[in-house]
Amino acid sequence: MQAKPREVYVPPVLQDLRAGTAELHIALEKRLPFFSDALDVPAFKRLIQAYYGFYLPLESALRDSDAIPADFDLSPRLKAQTLHSDLKALGDCGAAIDSLPMCQRLPLIDSSATSLGVLYVLEGATLGGQILRREIASRLGLEAQNGAAFLDVYGAATGRRWREFIEYLGSRPMPTAEREAVVLAAQNTFSCFERWLDSREVLA
Ligand code: HEM
């Protein structure tokens, strides 16, 4: 485990998010095959295909929702394009990628609170990516240029971008009801993702 990125202040909403999603994170982490001896390049590709089938529709839903706060810059945090490039590097043609199954049961995004709950999960996943990146490089020889760019999507900026995200979260005035909506959306995001990955048969 790497050192925690430096955090100056843990806002109440982040405390609630951590308390509300820790178990879901552990459960999903246990079932993901990144550290499995059975993981080979074809299995890794199936996993990235399944990730793409979740991230693409979810990021589209975020973009189309009108729920993202006006002062939040979503575009530089979108990651489906990186997954698309990874799939190309792993040998899928554009037509094959376009015909991949897409998740239909996504977390509801109907407010700025729910959009931030979803974003917490998608942004937080970049932290674990730093561990997974090293594992996949040594286990499969895959790195940013040959199919595993998603695991290092923010590169050296990972810690800084996480801190910026949580600083943004903490800077928003958030009454209790809104904090609860953020946490519920984050929980739904974990649950929807796990259910989707399960249905794609890529989990242990
Ligand atoms: C085997 C896979 C995974 C491993 C080993 C892993 C590992 C980690 C680690 C070590 C951290 C803490 C990083 C730090 O504080 O420096 C973290 C944070 C986080 N991960 Fe994962 N992770 C995995 C998969 C995922 C997935 C699939 C998601 C969601 C789609 C996710 C969401 C999060 C979130 C939201 C946080 C932020 C928690 C917080 O500090 O508030 N992780 N992960």
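A residue counts as buried here when its relative accessible area is under 20%. With that cut-off in hand, let us walk through this predicted model, starting from one residue inside a helix. Threonine 189 sits in helix α7, which covers residues 176-199. Because its relative accessibility is 1%, threonine 189 falls in the buried class. Its surroundings can be listed by name: leaving aside residues up to four places away in sequence, threonine 189 touches Phe54, Leu58, Pro107, Val118 and Val121.

From here, turn to helix α1, residues 12-31. Does its length fit what a helix of that many residues should span, and what are the figures? At 1.5 Å a residue, its 20 residues should span 28 Å, and the end C-alpha atoms are 29 Å apart, so the two agree. Even so, α1 has a bend of about 50° at threonine 21. Threonine 21 also appears among the buried residues of α1, together with Val13, Leu14, Leu17 and Leu28. Which helices do the buried residues of α1 pack against? They pack against α5 (112-140), α6 (158-171) and α7.

Helix α1 also carries histidine 25, and this residue brings us to the ligand. The ligand's iron atom has a single donor from the protein, NE2 of His25, at 2.1 Å.

Now follow α5, one of the packing partners of α1. Its 29 residues should span 42 Å at 1.5 Å a residue, and its end C-alpha atoms are 39 Å apart, so here too expectation and model agree. This helix bends as well, by about 40° at glycine 128. Just beyond the end of α5, glycine 141 adopts a positive phi of about 70°.

Next comes the interior. In soluble globular proteins, nonpolar side chains tend to be buried together. In this model, the largest nonpolar core has 61 residues, and those with the most contacts inside it are Phe34, Phe44, Tyr51, Ile136 and Leu197. At least two residues of this core come from each of α1, α2 (41-64), α3 (80-89), α5, α6 and α7. Tyrosine 51 is a good place to zoom in: apart from residues up to four places away in sequence, it touches Leu32, Phe34, Leu83, Phe150, Phe193 and Leu197. Two of these names, Phe34 and Leu197, are themselves on the list of residues with the most contacts inside the core.

What about the cysteines? A disulfide is a covalent bond between the sulfur atoms of two cysteines. The structure holds zero disulfides. Cysteine 103 is in none, and the nearest cysteine sulfur, that of cysteine 192, is 6.3 Å away. Since a disulfide requires two cysteine sulfur atoms within 2.5 Å, the 6.3 Å to cysteine 192 leaves cysteine 103 unpaired. With a relative accessible area of 5%, cysteine 103 is buried, whereas cysteine 93, at 46%, is partly exposed.

We finish with the backbone. Most residues other than glycine have a negative phi, and most peptide bonds are trans. Where do aspartate 66 and glutamate 201 lie? Aspartate 66, with a positive phi of about 65° although it is not a glycine, is in the loop between α2 and α3. Glutamate 201, whose phi is near 60° and likewise positive, belongs to the segment after α7. Aspartate 66 counts as exposed because its relative accessibility is 76%, and glutamate 201 counts as exposed at 70%.

Methods: Residues are numbered from 1 along each chain as its sequence is written. This is a predicted model: local features need pLDDT of at least 70, side-chain atom pairs count only at pLDDT 80 or more; totals for chains, interfaces and linings use all residues. Side-chain values use heavy atoms; hydrogens and water are left out. Helices (H or I, at least four residues) and strands (E, at least two) are DSSP runs, numbered from the N terminus. Buried means under 20% relative accessible area, exposed over 50%, partly exposed in between (1.4 Å probe, protein chains only). Contact means heavy atoms within 4.5 Å. The expected span of a helix is 1.5 Å times one less than its number of residues. The bend at a residue is the angle between axes fitted to the seven residues ending there and the seven starting there. Donors are N, O and S atoms within 2.8 Å of the metal (3.2 Å for Na, K and Ca); water is not among the atoms, so sites may look incomplete. A nonpolar core is a set of buried Ala, Val, Leu, Ile, Met, Phe, Trp, Tyr and Cys residues joined through side-chain atoms within 4.5 Å.
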